[in-house]
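Please open the structure in your viewer and keep the selection panel at hand. The tour proceeds by selections, and each stop says what to pick and what is found there.

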Amino acid sequence: MEWLSPENVVAVGTAVLGVLTSVAVLWYELRVPNRKRIGYRVQLDTPVGREAHDGRANVRRGWFADVPGMEDATLVLLRIENDGSQSIDEDDYRRRELHGLEVVLTDRTIKGLVVSVPRAYGHLMGHFTETAGLRYEGSELCVPRVPLNRGEHFKLLMLLSGGGVGRPIRIEGGIKDGQVKPNRSTTPDDKPPVFSRAARVITVLLTACVVVLASIIVVREDRPPPMGCARGSLTITGSTAFRPALLRLAGQYEDECAGSTVTVDTHGSTAGIRGLVDKGRAAAKGSSPAVVTLSDGPAPEDYTELAYTQVAVSVFTLVVNDEVTKPTNLTRDQVRRIYRGEITNWSELGGPNLAIRLVSRDANSGTRQVFQRRVLGEGEPANTSLDCVNRDNAGPSLIRCELEGTDQVLAMVARLPGAIGYSELRAADGVKGLHTLSLDGKAPSLDALRAGDKNGYPYREIEYAYTFRRPPAESLAASFIAFMSRGTGQDIIRDLGHLPCQTTEGFGICGAEEETG
């Protein structure tokens, strides 16, 4: 499975970790004990007595200097607050006594007490009464069961004697589904962390996952293909006339789309269409095999499972051996008479005294189908020669042979005096030993089509790209067909002597042929 790649696993794992973390935090807040918490901290612990304990000297005036028994006095300010995530009610305190908490001071005795609350929490003062449990004796202070909403606090200012500053101070008592514990000071020199320990751990884990994901993507060679590309293997069959363009298109696609393999295996349009249908019908129901077949002209109508895309207009031409210096133009009627055996020597058409030899394509050829449909208006005669030179029987005087590919036809016409054949126009360009003929007074020319001559030269046809059913949009077959129909693909098709259908000039011709086809 292609999606089960390391980077995808890390990406999915990171997403799952984030979701699970959020769920876990929510569950923790709602279900885990200790979500109720009373925190306390000493905000002030300073000597005020005549004797400066622990080396902390002081200057006293007024009441602090005159009242007896203040020699070793200290002041302690204790802040008690609800720093949990839930409100605390009177019933949440777990002590059996009337009071809820107990402040214990080490080696010091309480001489006086002041309770203070912020103005916003004034309603709390009604709970600090003797009947509610507020009292002190010796080194212990009993604190009532004060209900506290989240974030609410109060302060206890205690005048102490008998010990120096810095002696341990603790609060005893418990909270149902919670705890009582010291918390951190918020003085400027000792600020609490911005994020909790759990948040820091989660952040580190998520960051590590992202770093691993990025590293895999950077290091791996098989990076995701560019936009519009697809991975896998694809076979291109069909037209040999379109083969040069297909080879160039396949190579360019592989260069642009890493992870793709496009194999060109052309043996003629008809053979390609039959092979595509056979593979499609043998494949799993509803699937489309990884095969694209190019056909010179439309496939037979009875192949209803095929889906097609018009790719380009191809121009074909008649070619003759160079020893046939005349004629330079043939009418379609003359061509029909030649292929019927009614004209057997070029001298009958004002040319040299050379026997006419017909070099044709086999029955699998789309080029032959176009020739029969567009020029002859009927099928070609039977084959009479295997070597294109000698008749194999004592039948008609006509010499006609069949070859498999366009290149074979061109090579035979070029070396056989008096030979005539046909091929795709660009394939014939530059082949020594032969030349092209005009047809009905029109020279074979792609430029004429580009210029808008839609009804002129007759020997032309649309190249169709067929698939068995419509392939999935993300498949290599669909991607390759789309590649042929845009930018780089169109440039290659144009350079190889065809007119792309998805251009301004080609669209009008392809659309018109579709309507009349």
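The stops below go from two sheets to a pair of helices and then to salt bridges, in a model that is predicted.

**First stop: the five-stranded sheet**

Begin by selecting strands S4, S7, S2, S1 and S9, which in that order form an open sheet with mixed pairing. At its edges are strand S4 (109–116) and strand S9 (178–182), each of which pairs on one side only. Looking along the sheet, you can follow a twist that averages 20 degrees from one strand to the next.

Now narrow the selection to residues 36–47, which are strand S1, and residues 74–82, which are strand S2; the two run antiparallel and are joined by nine bridges. To fix the register by eye, pick Val42 and find Leu78 of S2 standing opposite.

**Second stop: the four-stranded sheet**

Next select S5, S6, S3 and S8, four strands that form an open sheet in that order, with antiparallel pairing. Here the edges are strand S5 (135–137) and strand S8 (169–172), and each of these pairs on one side only. The twist in this sheet averages 20 degrees from one strand to the next.

Within this sheet, S3 and S8 run antiparallel and are joined by four bridges. Which residue of S8 stands opposite Glu102? Selecting the pair shows that the residue is Glu172.

Before leaving this region, go to Asp89, in the loop between S2 and strand S3 (101–105). Asp89 is partly exposed, with a relative accessible area of 45%. If you add Pro147 to the selection and look at the C-alpha atoms, the two are separated by 4.5 Å, although the residues are 58 apart along the chain.

**Third stop: helix H6 and its neighbour H7**

Move on to helix H6, residues 332–340, and colour Val335, Ile338 and Tyr339, which are buried. These residues cover an arc of only 90 degrees around the axis, which puts them on the same side of H6. Seen from that side, the cover over the buried residues of H6 includes strand S13 (306–321), strand S14 (329–330), strand S15 (357–361), H7, strand S17 (419–424) and strand S18 (434–439). Just after H6, select Gly341, whose phi is positive at about 90 degrees.

With H6 still shown, add H7 and ask how the two helices are set against each other. Their axes come within 10 Å and cross at roughly 125 degrees, and H6 and H7 are therefore oblique to each other. The contact is made on the H6 side by Arg332, Val335, Arg336 and Tyr339, and on the H7 side by Phe371, Arg374, Val375 and Leu376.

**Fourth stop: salt bridges around H7**

A search of the whole structure finds 20 salt bridges, and the last selections visit some of those that involve H7 or the loop that follows.

Start with Glu378 and Arg340, which form a salt bridge whose closest N and O atoms are 3.1 Å apart. Because Glu378 lies in the loop between helix H7 (366–376) and strand S16 (399–403), while Arg340 belongs to H6, the pair ties together parts that are 38 residues apart in sequence. Both partners are partly exposed, Glu378 with a relative accessible area of 33% and Arg340 at 45%.

Then select Glu461 and Arg374, whose side chains meet in a salt bridge at 3.4 Å from N to O. Glu461 is in strand S19 (residues 460–468) and Arg374 in H7, so that distant parts of the chain, 87 residues apart, are linked by the pair. Is Glu461 buried or exposed? Glu461 has a relative accessibility of 4% and counts as buried, whereas Arg374 is partly exposed at 23%.

Finish with Glu380 and Arg400, which form a salt bridge with their closest N and O atoms 2.9 Å apart. Glu380 sits in the loop between H7 and S16, and Arg400 in S16 itself, so the pair ties together parts 20 residues apart in sequence. Glu380 is buried, and so is Arg400. Extending the selection to Arg368 and Glu402 brings up a network of salt bridges that links these two residues with Glu380 and Arg400.

Technical notes. Residues numbered from 1 in each chain as written. Predicted model: local features only at pLDDT ≥ 70, side-chain atom pairs only at ≥ 80, totals over all residues. Heavy atoms only, no water. Pairing = 2+ DSSP bridges. Axes fitted to C-alpha atoms, helices over the stretch in contact; angles between N-to-C directions. Salt bridge = Lys/Arg side-chain N within 4 Å of Asp/Glu carboxyl O. Buried < 20%, exposed > 50% of the residue type's maximum accessible area, 1.4 Å probe, protein only. Arc of directions from axis to C-beta. Contact = heavy atoms within 4.5 Å. Parallel < 35°, antiparallel > 145°, perpendicular 65-115°, else oblique.
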